[in-house]
Every structure is written in structure tokens, then in C-alpha cells.
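The following exercises practise the reading of a protein structure, from the whole chain down to single residues. Attempt each task before reading its solution.

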Amino acid sequence: MFLLGTLVNGLLIIIGTLLGKALNRIPEGMKVTVMYAIGMSVMVLGLQMGLKSENFLIVIISLVVGAVTGELLKLEDKLNDLGQWLESKVGSNGKGSISEGFVTATLIFVIGAMAILGALDSGIRGDHDVLYMKSLIDGFTALILTTTLGIGVIFSAVPVMLYEGLIALFATQIDRIVPQALMDQFIVEMTATGGIMIFAIGLNLTGMTKIKVANLLPGIVIVGIIVTIMYNYHRFFQ
């Protein structure tokens, strides 16, 4: 079953959120300290990913063009609107904004190489090991995030499963069309670009900034376009 890894990922996010909800009665001062700890950890993770780039100019161009595209499309506003719609349907219990929990968790769980690589492995080879590992990480992260951001984290399971499920569904076609060398280069630069976005999420979690990270998401697509152009240029003209 090629969607097994995706389903497990979504399930562990839900379980982690419910466990975090059960631990939600921690003192407010402790919540603030925990949030700072999470934010700093996310920042370090983002830096580690960002430093993996083999051509940082690709990362810079992708982020700049992606930011312009995201601002024009108002992706952050639309994602927040979706979160607020969920909040209006479910209601808020005062333990954190459902919208904030949904948006923050979605960005953390979707950005990164493990989602793409794991979904490709699931779809092509029926190997779910990468997604199983990601599921454990996401489940624990969901638990921690829920103690400070609230139950909104649970709704991030839906876009995560849709994203990974679509990649797994079309994995065979992707593997057939995209050369391995091109895919490898894309993964490296996408990981670095996503790492900068994750670093920005960490800054937001600490309260140092209010960067509209969702508006940077088109940068992932721009990475693919730039890497493809460079790959074909080197292939045909050098």
C-alpha cells in the first residue's frame, strides 16, 4: 500500500497533538520557556539544512522570487484565513490560537526533504522507512507544539497527508521523467531553501520576528525551475 507511510505520518501527528493537549495544563511561564526552546531548536535545524546548499545563489534567487510571488498571491493571508475558518467551526478554548497552531505546524511538517524523499520511496518502491522516521519526529514535534500553540496543530495532518499522498501517487511518473542527477540536485537546493524558511519559523516562535513564511513557499518551485534550467544547460552546452 503506497499510502501507508503517509497515513502513519498523519496519524502520529494527531496522536502527538492529543498527547500534547493532555499535557496542556503546564504553567504559563513554563510554556513561554518551552516556546523559546522550541524556537531555538527549530532555528538550529533550519541552519543545518540551509548550509547544505552547493550553490547558495540558487537559494537566494529562489527565496527572493518566491517572496515576491507569495506576496502577490497572499499565501500567508489565505493560509491564515483557512486557520481562522477552522477556529470559527471548532472554537477556541483559550489555549492558543487554532489558526497559529495550524499554520506553524503545517509549515514545519511540509517543508523539508524527508517529505519528498519519503513519499517518492513509498510510491516507487513501497518502502515507507523514511516516512516512518519522519512520522516519529513529527509526532513528537506535534506534542511539544501543542503544549504552547494548542489544538490547532492537529489540523496540520490534513495538508501533510495531501502533500505526501500526491507525491506518492505520482512517484512512478516523477521517477520516469526526472533524471536521478537532476532530482539529487533539486533535493539538495530545496533542502537548503526550506532550511532558511524553517529558520524563519524558529525566529517567529521566539517572538523575535513576524516573517510571513508561507509567502516564501513558492521559492521551492523556483528552486526546481532554476535547477532544471542549469541541469539542461550543462547537459546540452558543456
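**Exercise 1. The fold as a whole**

Which pattern does the protein follow when it is read along the sequence?

*Solution.* The structure is a predicted model.
Step 1. Along the sequence, the pattern reads α-α-α-α-α-α-α-α-α-α-α.
Step 2. The count agrees with this pattern: the protein has eleven helices and zero strands.
Step 3. The radius of gyration is 18 Å, close to the 18 Å that the globule rule gives for 238 residues, so the protein is as compact as a globular protein of that length.
Step 4. Along the principal axes, the C-alpha atoms fill a box of roughly 60 × 40 × 30 Å.

**Exercise 2. Interior, surface and charge**

Determine what share of the residues is buried, and describe the exposed area.

*Solution.*
Step 1. Of the 238 residues, 46% count as buried.
Step 2. The exposed area of the protein is about 11900 Å², and 71% of it is supplied by carbon and sulfur atoms.
Step 3. Turn next to the contacts between residues with a separation of 6 or more: 83% of them join residues 24 or more positions apart.
Step 4. Finally, consider the charges. The protein has 14 positive and 16 negative charges, and their mean positions are 7 Å apart.

**Exercise 3. Asparagine 215**

Is asparagine 215 buried or exposed, and with which side chain does its own side chain make a polar contact?

*Solution.*
Step 1. Locate the residue: asparagine 215 is in the loop between α10 (180-205) and α11 (218-237).
Step 2. Its relative accessible area is 3%. Because buried means under 20%, asparagine 215 is buried.
Step 3. The partner in the polar contact is the side chain of glutamate 71, at 3.0 Å.
Step 4. Beyond its neighbours within four places in sequence, asparagine 215 is in contact with Gly66, Ala67, Gly70, Glu71, Lys74, Leu75 and Glu76.
Step 5. One of these residues, Lys74, deserves a further look. Lysine 74 lies in the loop between α3 (56-73) and α4 (75-90). Its phi is near 55 degrees, a positive value in a residue other than glycine. At 47% relative accessibility, lysine 74 is partly exposed.

**Exercise 4. Two residues of helix α10**

Describe the surroundings of isoleucine 201 and threonine 191.

*Solution.*
Step 1. Isoleucine 201 lies in helix α10, and threonine 191 also lies in helix α10.
Step 2. Isoleucine 201 is buried, with a relative accessibility of 4%. Threonine 191, at 9%, is buried as well.
Step 3. If residues up to four places away in sequence are not counted, isoleucine 201 touches Val42, Thr104, Leu107, Ile108, Ile111 and Val213.
Step 4. Isoleucine 108 is 93 residues from isoleucine 201 along the chain, and their C-alpha atoms are separated by 7.7 Å.
Step 5. For threonine 191, the contacts beyond four places in sequence are Met49, Lys52 and Ala113.
Step 6. A polar atom of the threonine 191 side chain lies 2.6 Å from the backbone oxygen of isoleucine 187.

**Exercise 5. Two loop residues and their distances**

In which loops do lysine 210 and valine 178 lie, and how does each count in terms of accessibility?

*Solution.*
Step 1. Lysine 210 lies in the loop between α10 and α11, while valine 178 lies in the loop between α9 (171-177) and α10.
Step 2. The relative accessible area of lysine 210 is 71%. Because exposed means over 50%, lysine 210 is exposed.
Step 3. Valine 178 has a relative accessibility of 25% and counts as partly exposed.
Step 4. Lysine 210 and valine 90 are 120 residues apart along the chain, with 25 Å between their C-alpha atoms.
Step 5. Valine 178 and serine 99 are 79 residues apart along the chain, with 36 Å between their C-alpha atoms.

How values were computed. Residues numbered from 1 in each chain as written. Predicted model: local features only at pLDDT ≥ 70, side-chain atom pairs only at ≥ 80, totals over all residues. Heavy atoms only, no water. Helix = DSSP H or I, 4+ residues; strand = E, 2+ residues; numbered from the N terminus. Rg over C-alpha atoms; globule rule 2.2 N^0.38 Å. Buried < 20%, exposed > 50% of the residue type's maximum accessible area, 1.4 Å probe, protein only. Contact = heavy atoms within 4.5 Å. Areas by Shrake-Rupley, 256 points an atom, 1.4 Å probe, with all protein chains shown as cover. Lys, Arg positive; Asp, Glu negative; His and termini not counted. Charge placed at Lys NZ, Arg CZ, Asp CG, Glu CD. Polar contact = N/O pair within 3.5 Å; in protein donor to acceptor, adjacent residues only side chain to side chain.
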